Each structure stands twice: as C-alpha cells, then as structure tokens.
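Colleague: I'd like a close look at one part of this model, the helical region at the start of the chain. Please walk me through what holds its pieces together, and then what lies around it.

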Amino acid sequence: MIRDEERFNGLLDGVNQWVRQIAIPNEARVETLDEVPEELVQDMRDRGFFGWSIPENYGGHGMTCEELVRAAMELSQCAVAFRARVGTNTGIGSEALVVDGTPDQKECYLPRLASGEMTGCFALTEPDAGSDATALKTTAIRDGDDYILTGTKCYITNAPIADLFTVLARTDPEDHSSKGISAFLVERGTPGLDVGKPYRKMGQAGSPVSEIEFKGCRVPAANLIGDQEGQGFKTAMKVLNKQRLHLSALCAGPAIRMLDEALAYTRDRHQFGRPVADFQLVQAMIADCQAEIHAARALILETARKRDLGEDVSLEASICKYFASEMCGRVADRAVQMFGGAGYVADYSSIERLYRDVRLFRLYEGTSQIHQLNIAKLTLRRTA
C-alpha cells in the first residue's frame, strides 16, 4: 500500500543518497567512537527519519507497513548503528503508544518521538524472562495516584540514551499469567529509574544496550498505557508482530549491502589471471545470496501488504523474521568467504564488521528457535 508513488520514491531516493554519501563514509568513525555523532543524529532528525511510522497528525510520516519495510531496506544498507539510533522511535519505542495509548498520552509523547526530540525504547526482557515474556518479575503496585515499579530489565536497545521507556510490569502479583501484565510510560530522570552502563558487545558498535533497574520507581497512574491494567501483554504482542516484520526488512538491507560489496570485490580481485567472480564456485555463492535476498524481500513485501489490508499476519510475520534473519547470516558468511582473508581483516573491508553486526538478528525479537516453535504452533492452529 503505497499512498503516493512519486512522493514515496523521492523519499527512498533521498534515503539511498544519504546512506551512500553520509552514513557509509562515517561507519568507521561511528565504530571508533562507539556512538553516532550528534551532528549525524541531528541530520536524521531534520530528514524526518525518527517519525516514519508515527501518524501524520502527531508529526510523523504515517507510513503504511509496506512503505515502512521498503524504507527500512534502504536505511539498513549502512552500519546497523544508524538505523538502530532511529529504529526504536520508528518501531518498538513508539508502537505501543500508537496502537494502545490514550489520546493524552499520544499528544504528550508522539510528536516528540516523531521529531527525534525524545528517543524511545521498549523494556520487556528480564534476566529470567525473554522468550517466555509471561515470566517477567518486575512489579507495578498501585499506590494512590501512582504505581511503584520494582525490578530489572536487560538487553534493552537504546536504554543508555533513551528519554522514554515503555515498560512491561506485573500489576497483579498473584496472577502469573499474561493477564497480570500492564504497560507503562516512564520518563528518564524519574526517581528510582537507574540505567546501567552500556554492555561490551560482539558487534553493533554505536548502538548502546544496557540493563535498567527500577528501585521503588514512582510512576503516575496516568502513564499506564491505555489507562487499563492487564492489557500490557496484548499491547506487547501487537508491537512485536509489526516489529518482527520491520526487523525482517532490516535484515534484508545489510544482506543487499554485503552482496554488493562482495560483487565489487570479486570483480576487482584477480587470481590465476582472471577475476575471482569468473570462478564457478564463487558464482554459486553469488547465486545463492541473490536468490535468498529476493525470496526474503518478496516474502516481506507480501506480508506487509496483507497487514495493510487488515489481515492477521502473526504467522507470516514470524516466518519473515525467521527466514530473513537466517538468510542474512548465510549471506554474511558467504561474503566473508568471497572476500577471503580481506573479509576477516577489518583494515581491508567492512565485511568483518557487518558479519559481527548481523549475528544479533537471529537472537532479538524472538530467537530463530522460538520462531520455529511459533510457526509450527500457528500452522497447527490454522489447520486444525
């Protein structure tokens, strides 16, 4: 569902140009600094990158799902840190508000998220609750006009720089099912909210991730998303279903970039008096990469269009995330192989960094194994 083809193609051309002319030349700098420099963040604000999926009446682009995934495929062809910097605002950091927030909550926060004035994040995972989200132990106990939040969250993308935290907590400690979970908006600086130091990670330099601790953190009852207790898990599932589709597109972009880099290198590199790209075993890897990228892209676009039509795409979104993240990992491995030693040495290519960066895709927003189980469960349910 593309609302205005000409206008949207212009936006995609602008993103593509920004990626090639600004982001890629600054990738090494971002890795060295382990952050996206403020002038580049401001440039992304000025270009409206933070508000892609936020409704137009709140200052965003109001992108349809198809528009969002196509834009994400373009933006993610540079270092992961760039799209991660805006990604929580165009995804999990704002989506709970978009789908279930009260009018007052939306009016208060969505314009600031859309402009990039605020950075959002989504705090669900805990030391003992990740794939099994219903096992979360963080509590939110009502106390007059407030809730008191106590607990720990971990592996939270953008937590060290976030201004607004969407937090899942148990409002009914006696109910250990999903029905006892609620969602809250917590602003940075709220007493009792402590954000940990960024983790040292395998990859994705410049995209900060850390723990969050709630030590008797007092949050106004008005910050209960939707003004309803017990709806938090449903809200989270709405967020994750769309985000899994969004993330699938964010897996396709790096795969496209890595294949482009490998094609350029194997054409230029000569062995035995001919370009490496002329050898059939190298061509087999090129063919496998190209086929899988095309398959993932077609699957993602088909699912996005179904979602735009209002269809239930829980199964298809899970398939997209599983296939696209695994595909990206296979493309990364082949790209290193096509580069040979230069693919392993950071001094000679970006492939070494990209290889490390994309490894996380198979873990977050549901591991591949969780998606396998989910796909099987939903398939059995549909065919019962």
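Modeller: Over residues 11-117 the chain is 65% helix and 0% strand, and the C-alpha atoms at the two ends are 21 Å apart. Helices (H or I, at least four residues) and strands (E, at least two) are DSSP runs, numbered from the N terminus. UniProt, in an unreviewed entry, lists residues 11-117 as "domain: Acyl-CoA dehydrogenase/oxidase N-terminal"; UniProt positions are given in the numbering used here, feature names are shortened, and annotations may be inferred rather than shown by experiment.

A word on the basis: this is a predicted model, where local features need pLDDT of at least 70 and side-chain atom pairs count only at pLDDT 80 or more, while totals for chains, interfaces and linings use all residues. Residues are numbered from 1 along each chain as its sequence is written, and side-chain values use heavy atoms, with hydrogens and water left out.

Let's start with the aromatic rings. Rings of Phe, Tyr and Trp (its six-membered ring) pair if their centres lie within 6.5 Å; planes under 30 degrees apart count as stacked, over 60 as edge-to-face and the rest as tilted. The count by this rule is 8 aromatic pairs. One of them joins Trp18 and Phe49 edge-to-face, at 5.2 Å centre to centre and with 85° between the planes. Because Trp18 sits in helix H1 (residues 5-23) and Phe49 in the loop between helix H3 (38-46) and helix H4 (65-75), this pair ties together parts that are 31 residues apart in sequence.

Trp18 also pairs with Phe82: the ring centres are 5.7 Å apart and the planes stand at 90°, so this contact is edge-to-face. Here, too, distant parts of the chain are linked, with Trp18 in helix H1 and Phe82 in helix H5 (residues 80-87), 64 residues apart. Ring pairs join Trp18, Phe49, Trp52 and Phe82 into a cluster.

How far is this cluster shielded? Buried means under 20% relative accessible area, exposed over 50%, and partly exposed in between (1.4 Å probe, protein chains only). Trp18 and Phe49 are both buried; the relative accessible area is 1% for Trp18 and 0% for Phe82, which is buried as well. Ile54, placed in the loop between H3 and H4, is also buried, at 0%.

H5 brings us to a cavity. On a 1 Å grid over the protein atoms alone, a cavity is a set of points where a 1.4 Å probe fits but cannot get out, and lining residues have an atom within 4 Å of a point. Grid points are joined across faces, edges and corners, and a volume is the space filled by probe spheres set on the points. The structure holds 2 cavities of 30 Å³ or more, and the largest has about 50 Å³ of space. Its lining includes Glu27, Val30, Glu31, Ala81, Gln204 and Arg353. Helix H2 (27-33), H5 and helix H12 (351-357) are the elements that give two or more residues to the lining of the largest cavity, and H2 gives the most, with 3 residues.

For contrast, a glance at the next annotated stretch: residues 121-217 carry the UniProt annotation "domain: Acyl-CoA oxidase/dehydrogenase middle", again from an unreviewed entry. Over residues 121-217 the chain is 0% helix and 47% strand.

Methods. On a 1 Å grid over the protein atoms alone, a cavity is a set of points where a 1.4 Å probe fits but cannot get out, and a pocket is an open set with protein on both sides within 12 Å along at least five of seven lines; lining residues have an atom within 4 Å of a point.
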